[in-house]
Amino acid sequence: ERMPMQFFAYYSANTTTDKNKDYRGLEILTSSELLLINSNKRFYQNAGNAYGVPWRIIAAIHYREYRLKKAGPSNGNGPYQIWGSNYPVGDYTDAQFQDATNDAAKFIKEKVGNRDLYVSDNIKYAFFSYNGMAASYKNQAKNLGFTDAQANIGEGSPYVMNRADAKRDPTVEPTKSNNTWGQIKSDGGSLEYPANTDYGAYIVCMAL
């Protein structure tokens, strides 16, 4: 499925909020999160324009990796958590944040190659590949009835699809308790149940 171009239009001065509802009609991004996205938007756009990545994809990864903070966490992997890197810790200047955002856009582009990032399955693939494409998430997708092809683009990954629908929503029963929707919550760990309650990157991207 190809997403309507207006989903990713670059002309909008402000983040769209009319689509900011999940499958239950609940708000996806809070007003404070939307403010942070709008504050960071020019950095996302600059990087996206440079590397051919829609800015909403970068914003959604920033949401997942460091909750939209214009800063670097103590592990040194930066606001986009590019492992093995060496970014400043603490608050970032505009220049530092733009550099980190450019790196994230480049990293995304290297993962997706020539895939069209205005096609929904390719957007899901971008998020899944960014997060590591764990085999346990592919198995989780198949256990939920998804095809191999769907498993390979991240339908079973909370990083990508958390709270997309009832069977992938750890805040509702029976998913909350039946050990069908788990998440790897520590590096090198196994699935823990239920998954965290934050939204998947694809859900956030479609909310913008």
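## A tour around Glu155

Select Glu155 and Lys124: the two form a salt bridge, with the closest N and O atoms 2.8 Å apart. This pair ties together distant parts of the chain, 31 residues apart: Glu155 is in the loop between helix 6 (148–151) and helix 7 (158–161), while Lys124 belongs to helix 4 (residues 120–131). Keep in mind as you click around that this is a predicted model.

Now switch to a surface view. Are Glu155 and Lys124 buried or exposed? Both are buried. Glu155 has a relative accessibility of 5%, and the cut-off for buried is under 20%, so Glu155 counts as buried.

**Next stop: Arg168**

Stay on Glu155 and add Arg168 to the selection. Their side chains meet in a salt bridge too, at 2.6 Å from N to O. Here again distant parts of the chain are linked: Arg168 sits in the loop between helix 7 and strand 3 (183–184), Glu155 in the loop between helix 6 and helix 7, and the two are 13 residues apart. Arg168 is buried as well, because its relative accessible area is 5%.

Which residue forms a salt bridge with Arg168 at 2.7 Å? Add Asp165 to find out: the closest N and O atoms of Asp165 and Arg168 are that far apart. Asp165 has a relative accessible area of 21%, so this one is partly exposed.

Show all the side chains you've picked so far. Lys124, Glu155, Asp165 and Arg168 are linked in a network of salt bridges. If you'd like to hunt for others, a search of the whole structure finds 10 salt bridges.

**One step along: Asp169**

Select Asp169, which lies in the loop between helix 7 and strand 3. How accessible is Asp169? Its relative accessibility is 0%, so Asp169 counts as buried. To see what surrounds it, leave out residues up to four places away in sequence; Asp169 then touches Tyr23, Arg24, Arg163, Thr175, Lys176 and Trp181.

**Over to helix 4 and its partner**

Go back to Lys124 in helix 4, then colour helix 2 (residues 55–66) as well. Helix 2 and helix 4 pack at an angle of about 35°, and their axes are 11 Å apart. Rotate the view to look at how they cross: the crossing is right-handed.

What meets what between these two helices? On the helix 2 side, pick Ile57, Ala60, Ile61 and Glu65; on the helix 4 side, pick Ile123, Phe127 and Tyr130. Sorted by class, this contact has six nonpolar residues, no polar ones and one charged residue.

**Zoom out**

Finish with a cartoon of the whole chain. You should find eight helices and four strands. Starting at the N terminus, the elements run α-α-β-β-α-α-α-α-α-β-β-α. The radius of gyration is 16 Å, close to the 17 Å that the globule rule gives for 208 residues, so the protein is as compact as a globular protein of that length. If you want to set up a box in the viewer, the C-alpha trace spans about 45 × 35 × 35 Å along its principal axes.

Two last things to try: colour by accessibility, then draw contacts. Buried residues make up 50% of the 208 residues. Among contacts with a separation of 6 or more, 57% come from residues 24 or more positions apart.

Conventions:
Residues are numbered from 1 along each chain as its sequence is written. This is a predicted model: local features need pLDDT of at least 70, side-chain atom pairs count only at pLDDT 80 or more; totals for chains, interfaces and linings use all residues. Side-chain values use heavy atoms; hydrogens and water are left out. A salt bridge is a side-chain nitrogen of Lys or Arg within 4 Å of a carboxyl oxygen of Asp or Glu. Buried means under 20% relative accessible area, exposed over 50%, partly exposed in between (1.4 Å probe, protein chains only). Axes are lines fitted to C-alpha atoms, for helices over the stretch in contact, and angles run from 0 to 180 degrees between N-to-C directions. A crossing is left-handed if the near helix is turned anticlockwise from the far one by less than a right angle, and right-handed if clockwise. Contact means heavy atoms within 4.5 Å. Ala, Val, Leu, Ile, Met, Phe, Trp, Tyr, Cys and Pro count as nonpolar, Asp, Glu, Lys and Arg as charged, and the others, Gly among them, as polar. The radius of gyration is taken over C-alpha atoms; the globule rule is 2.2 Å times the number of residues to the power 0.38.
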